[in-house]
Amino acid sequence: MGPAELMQAAAMARRFYLEGKSKIQIADEFGVSRFKVARVLETALERDLVRIEIRVPAELDAERSDALRARYGLRHAVVVESPVDAADAVPGATADDAAADPENLGEVAADLLGELVTEGDVLGLAWGRSTIHMAAALRQLPPCTVVQLTGVYDAGTADRGSVEAVRRAAEVAGGEAHPIYAPMLLPDPATATALRSQTGIARAFEYFDKVTVAAVSIGSWEPGISTVHDMLSDSERAHYSSLGVAAEMSAHLFDAEGRRIGRDLGERCITVEADRLRRIPEVVAIAGGQRKSEAIAAVLRSGLVTSLVTDTAAADHLLHETGPGPRPALDRADPDGP
């Protein structure tokens, strides 16, 4: 390109990229066709006269996020950089040790909820370390009601767990809180049924069909990574393991292909039913780490989750795994649609 062509290309690029003018407006100004403008702009990119840079915060991975969203048909996917992606971030730490950071995931999920929740919504929170960290990180929410979707891991720690998370979210939103003061897992179905009929718990259950946005955690079937696994006896764990359990979410068990198994366990649990969870317009799962990657894939295949907050360690596995694809598109109303 000669000097005249360079100056014209620079001027057109400035009008188009910086001033927001259309190609037709630029064509009228310079007395050329809009096709000529299009060719000049294309040439400006090819000759490196114009450089387009897309910037997101350093801790977020835009490329993986978009690929993950497309791969699993998600409404939203946000991938956070795993701490060990920076070499020697933690002396002596392995990729598995440092990849999962529920506090970091919770902070990003808190920002995402701030975008997704609108005034008058009903926000549901299930038990999970990531959801607890998310609630602690909340800085703003539109006025909404907050309801607990599962019982607690240990009733003795309710103030430091999901009950406190519900209270915290409701405080930020300036709305009502409906916590559940009961364990997630009971010894038998009769005890669970009796608890569900108690006034406070029954009132929370009445809101389940009104939930518009939910935040849940995912656990893999391993000690310390699955709440349900840790609450069961050795014989019970062996039984569900024999059924092929690969993941747990809100006390629901899934095999590697995303099919629900061990449904009898639900009769002993204080939790939102899977069918009700499926009817919630927006279900955000928060889970990361290489050790959880297969469990995350299994839950995504179930079709119960619409959005995901995860990290690069899990995302890399999810993008390269060769198992069955996700279920068909969710039959849920698009909150941005008609």
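The following paragraphs lead through selected helices, loops and surface features of this structure.

The model is predicted, so that local features need pLDDT of at least 70 and side-chain atom pairs count only at pLDDT 80 or more, while totals for chains, interfaces and linings use all residues. Residues are numbered from 1 along each chain as its sequence is written, and side-chain values use heavy atoms, with hydrogens and water left out.

Two packed helices are described by the angle between their axes and the distance between the axes. Helices (DSSP runs of H or I, at least four residues) and strands (runs of E, at least two) are numbered from the N terminus. Axes are lines fitted to C-alpha atoms, for helices over the stretch in contact, and angles run from 0 to 180 degrees between N-to-C directions. Helix α7 (residues 129-137) packs with helix α8 (residues 162-173) at an angle of about 30°, and their axes are 9 Å apart. The two helices α7 and α8 are therefore roughly parallel to each other; angles under 35 degrees count as roughly parallel, over 145 as roughly antiparallel, 65 to 115 as roughly perpendicular and the rest as oblique. The crossing of α7 and α8 is left-handed, a term for a near helix turned anticlockwise from the far one by less than a right angle, with clockwise giving right-handed.

Helix α7 also packs with helix α6 (residues 102-116), at an angle of about 55° and with the axes 7 Å apart. That angle makes α6 oblique to α7, and the crossing of α6 and α7 is right-handed.

Two loop residues have a positive phi although neither is a glycine. D48, in the loop between α3 (34-46) and α4 (62-72), has a phi near 65°. Its relative accessibility is 43%, so D48 counts as partly exposed; buried means under 20% relative accessible area, exposed over 50%, and partly exposed in between (1.4 Å probe, protein chains only). A251, in the loop between β7 (247-249) and β8 (252-254), has a phi of about 70°. A251 counts as buried because its relative accessibility is 3%.

S220, in strand β6 (residues 219-220), is likewise buried, with a relative accessible area of 5%. The C-alpha atoms of S220 and M249 are separated by 8.9 Å, although these residues are 29 residues apart along the chain.

Finally, L18 belongs to helix α1 (residues 3-18) and counts as exposed because its relative accessibility is 70%.
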